[in-house]
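Colleague: I'm new to reading structures, so could you walk me through this one? Let's put it on screen and start with the vocabulary.

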Amino acid sequence: MGGCPRMCRLFSNYYTEGLRQWQEEQERKVRALSEMACEQLKRFDERKELQHHKELRDFREVMEKSSREALGHQEKLKAEHRHRAKILNLKLREAEQQRLKQAEQERLRKEEGQARLRSLYALQEEVLHLNQQLDASETQPHGDLLKLDLAALRTRGNQLCGLISGIIRATSENGFPTEEDQAVAERALQEMRDLLTSLQQEIARACENKRKQDEEAAREKRQGSKMQQGPEVPREAPAPSQGPGGKQNEDLQVKVQDSTMQWYQQLQDASSQCVLAFEELTNSKDSQVKKIKMDLQKAATIPVSQISAIAGSKLKEIFDKIHSLLSGKPVQCGGRSVSVTLNPQGLDFVQYKLAEKFVKQGEEEVASHHEAAFPIAIVASGIWELHPRVGDLILAHLHRKCPYSVPFYPAFKEGMALEDYQRMLGYQVKDSKVEQQDNFLKRMSGMIRLYAAIIQLRWPYGSRQEIHPHGLNHGWRWLAQILNMEPLSDVTATLLFDFLEVCGNALMKQYQVQFWKMILLIKEDYFPRIEAITSSGQMGSFIRLKQFLEKCLQRKEIPVPKGFLTSSFWRS
């Protein structure tokens, strides 16, 4: 029994020793397995890295190969490009030489054409002058003794004038006149000279015959008077030959711008008739009638004063209000309902005051703010289209305040007061004091700018089927006529600049080549005339016009004027 515990301890020690050895053995195996796994992992990483290096090397080889191929292809393209560029440069050089040759030919053609055009204008001027002398034959004394048919001569003279005018119109549409056109015009001029020469010879013959008849009659009269203790021989015998001569010169001066002055006078007569039509309304002493007159005047003028370029919708409201007033519909003014039907003369009064206000806005508002010309002009143009009489009255007021808008330069007449003549020229005279030149030019500038804006603008909500009641063709006429007149110092240069700055772009688009011919004529022929009459202290307006046109000729374009109303404005 005593040996059992010992045996148990021995067994336990043995078991513990065995367990410890087994555990150590297992730990050795685990370490060996772990080391083997680490070695295998290293070998795996090495193989993977080797494979990666191989793939990278293969990729680099492929890229280098592609790069070499690309470089080869690029070199090939460069060689082809150099070859094509060489061919293209040769073609461009040939084309440039051809262009320069054509440009030189065109320049020579234009110079010849301009020379022919100037010659054609000179021929036309001479033919018109000769035709005026033919027209003056009506006032010649002893016309009943002429054997020639004066009506036939005048008819032929008008036909020759029409022939040359037709050549110039065709030239304006097709380009410069040809040598054949010039030859036809020269033949027409020669024929006109022949007509006038034959007429003068016939007049001289008739005068000689009349003189002989008068001498014979005087001789017989003297013989009769001697028998009756006759009176003295009248001393007024030469007077008839001088009287008609003086009258003829006056007629010729009037006929220089006959059609223009006739148009001007018709407008002034229409304006005067309109004033007479509402004379009772203006002179009435009745308080109710005076109140109606005041309300109508406010209804006509206040909306025009409110015109601005703030928004298209606001401008349309003003237009609709003016149109309603002119159409006889009631409109609100000062909290009261106003209508032209309140008085039989109401419509005439409103039309006159409305036209007067439009021109006054040009004289004052546009003169101070040039951009204001366009909103005022587009409303005026729209009203003009729907109510033509208002347009005629606008022109009448404009011509009276600014005669250069016709254009004509009023002549000083004998016996006329200097103040009256200054008013005719457009100056304001108050208490015998004439306004300063700067203020005068500012007002004229505002009215010309308004006129230049009206002729190019159409009311966007109107009928596009109708032509403009006073369109760009009138602007072209104004420009042509003012260039046919001798310039006025300071005035002509100022008004030409204002006119071309406002509607030069529109005229350029409308008349294209002919417009540029006109600009070249201004530069080459008209500038020297302006410069010759302009003093050193008044060169500002001339220099401004000259620089403006030179810049436009250089850019081959007239810029759109500042303040021009675009399509987006009407969506505001």
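Modeller: Sure, a definition to begin with: axes are lines fitted to C-alpha atoms, for helices over the stretch in contact, and angles run from 0 to 180 degrees between N-to-C directions. This is a predicted model, so local features need pLDDT of at least 70 and side-chain atom pairs pLDDT 80 or more, while totals for chains, interfaces and linings use all residues. Residues are numbered from 1 along each chain as its sequence is written, and side-chain values use heavy atoms, without hydrogens or water.

Colleague: At what angle do α15 and helix α17 pack?

Modeller: Helix α17 covers residues 539–555. The axes of α15 and α17 are 8 Å apart, and the packing angle is about 35°.

Colleague: Which residues of α17 does α15 meet?

Modeller: Contact here means heavy atoms within 4.5 Å. α15 passes α17 in a left-handed crossing (the near helix is turned anticlockwise from the far one by less than a right angle; clockwise would be right-handed). From α15 come Ala493, Thr494, Leu496, Phe497, Leu500 and Glu501. They meet Ser541, Phe542, Arg544, Leu545, Phe548 and Leu549.

Colleague: How do α13 and α15 lie relative to each other, roughly parallel or oblique?

Modeller: α13 and α15 pack at an angle of about 30°, with axes 9 Å apart. Angles under 35 degrees count as roughly parallel, over 145 as roughly antiparallel, 65 to 115 as roughly perpendicular and the rest as oblique. So for α13 and α15 the word is roughly parallel.

Colleague: And how many charged residues are in the contact of α13 with α15?

Modeller: α13 passes α15 in a right-handed crossing. Among the residues making the contact are Arg449 of α13 and Asp498 and Glu501 of α15. Sort by class (Ala, Val, Leu, Ile, Met, Phe, Trp, Tyr, Cys and Pro are nonpolar; Asp, Glu, Lys and Arg charged; the others, Gly among them, polar). That contact has 13 nonpolar residues and 3 polar ones, and its charged count is 3.

Colleague: Arginine 449 sounds interesting: buried or exposed?

Modeller: Arginine 449 is found in helix α13, residues 437–454. Buried means under 20% relative accessible area, exposed over 50%, partly exposed in between (1.4 Å probe, protein chains only). With a relative accessible area of 4%, arginine 449 is therefore buried.

Colleague: Which side chain shares a polar contact of 3.0 Å with arginine 449?

Modeller: A polar contact is a pair of N or O atoms within 3.5 Å, one able to donate a hydrogen and the other to accept it, and residues adjacent in sequence count only if both atoms are side-chain atoms. Leaving out residues up to four places away in sequence, arginine 449 touches Val366, His370 and Ala373, as well as Phe497, Asp498, Glu501 and Val502. The 3.0 Å partner is aspartate 498.

Colleague: What about α14 and α15: roughly perpendicular or oblique?

Modeller: Helix α14 (residues 472–483) and helix α15 (residues 491–511) have axes 10 Å apart. Their angle is about 130°, so the pair is oblique.

Colleague: How far apart in space are proline 177 and glycine 113?

Modeller: Proline 177 is found in the loop between α2 and α3, and its relative accessible area is 1%. Its contacts beyond four places in sequence include Gly113 and Leu117. Proline 177 and glycine 113 are 64 residues apart in sequence, yet C-alpha to C-alpha their distance is 6.1 Å.

Conventions:
Helix = DSSP H or I, 4+ residues; strand = E, 2+ residues; numbered from the N terminus.
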